[in-house]
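Here is a short set of questions and answers for a first look at a structure. Each answer sets what is seen against the term used for it.

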Amino acid sequence: MTASDAIRHDWTLKEVRELLDMPFNDLVFRAQQAHRQWFDPNEVQVSTLLSIKTGACPEDCMYCPQSGHYNTGLEKEKLMQVEKVLEQAKAAKETGATRFCMGAAWRSPTKKDLPHVLEMIRGVKDMGLETCMTLGMLTEDQASELAEAGLDYYNHNLDTSERYYNQIITTRTYQDRLDTLENVRNAGMKVCCGGIMGMGEDEDDRAGLLLQLANLPDHPESVPINMLIKIPGTPLEDVEDLDPFEFVRTIAVARILMPKSHVRLSAGREDMNDQMQALCFMAGANSIFYGDQLLTTENPQAEQDRALFRRLGIVPEPLATDRSDEDQVDELTRRMEQERQSALFYDAANA
Ligand code: SF4
């Protein structure tokens, strides 16, 4: 391990810029080296995301179809019933997801809604799935209640650099977001935090976001790197496309700066072809959302993902639990056998 590949929290903007500017092949090679020190390079963690409350959000995030500030034609839905959420979690588990993420379009959870949310967490946990939620800003007390109910991860993205942030959101500050992240950490939950590329930011902003994440007291366990999905009706619908190689570079640098974190290839994946996704995996992405829907935008269907995994020799990462090694190996073997059988079916169907 080189000194520069050790876990650090004191990166400088200059260093991050230098990484982003490396020749592409050198950068991807270095990211692979970092990746292989901490992960099996052929495993990808699979999560499923369900929108438990959709639309009419009071925040004005300029990329978001759920914001009540924009008319995107999105159908609004109230908080989903607990039983419905549990049905979806069960289905997600059956398609191989190990983590179930639930998102609500709120500024922050209300007193009235929180008990329902806590019930959802307990129910999903009881199925043996890891739980993740994104509900907006959290106070210290709310974070503690969620943690006590068994919430494993809390997602709260920084979205972009501090200096570009107020071009994207005006209804809450960067510091508000950092405060929520701190409350989540202090409550003992794991942090899922990343951003969105292609919102008209420049390379310094991508570097600034990565720097902020990498210099947090603890690296987020999950770092979603999203590509903007341009939704008609939002202020960013006509923003210029980001060069896809800049996106891969961002993933590679996230991998180098936060080598132990899961770097998640997240929103925007449905617009990427298989080659682009494979490049992202090579650059160190090792987590995806799988199956049905990514909050309110389309996500490639589970079968398409399984086919890509088969072609690349990727297997889903087993659930990190306190189960014994033998149990985890059994689970992985069972999954691989399932994959092999669906591969046979796939080949036969395409012969
Ligand atoms: S990103 Fe979240 S907080 Fe922002 S408008 Fe959308 S749902 Fe609301």
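Q: How many residues of strand β3 (residues 130-134) are buried?
A: In this predicted model, 5 of the 5 residues of β3 are buried. Buried requires 20 or more other C-beta atoms within 10 Å of a residue's own, so each of these residues meets that count.

Q: Which residues of β3 point one way, and which the other way?
A: Glu-130, Cys-132 and Thr-134 point one way, while Thr-131 and Met-133 point the other way. In a regular strand, side chains alternate between the two faces of the sheet.

Q: What makes β3 and strand β2 (residues 99-104) a pair?
A: Pairing needs at least two bridges. β2 and β3 have 5, in the parallel sense, so they count as paired. In one of these bridges, Cys-101 has Cys-132 as its partner.

Q: How many bridges join β3 to strand β4 (residues 153-155)?
A: There are 2 bridges, and the strands run parallel. Because the cut-off is at least two, β3 and β4 also pair. Met-133 stands opposite Tyr-154 of β4.

Q: Why is the unit of β3, helix α5 (residues 140-149) and β4 called right-handed?
A: The unit is a right-handed β-α-β unit, which means that, with the strands pointing away from the viewer, the path from the first strand over the helix to the second runs clockwise. β2, helix α4 (residues 114-126) and β3 also make a right-handed β-α-β unit.

Notes:
Residues are numbered from 1 along each chain as its sequence is written. This is a predicted model: local features need pLDDT of at least 70, side-chain atom pairs count only at pLDDT 80 or more; totals for chains, interfaces and linings use all residues. A residue is buried if 20 or more other C-beta atoms lie within 10 Å of its own, exposed if 12 or fewer, and partly exposed in between; C-beta atoms are placed from the backbone. Helices (H or I, at least four residues) and strands (E, at least two) are DSSP runs, numbered from the N terminus.
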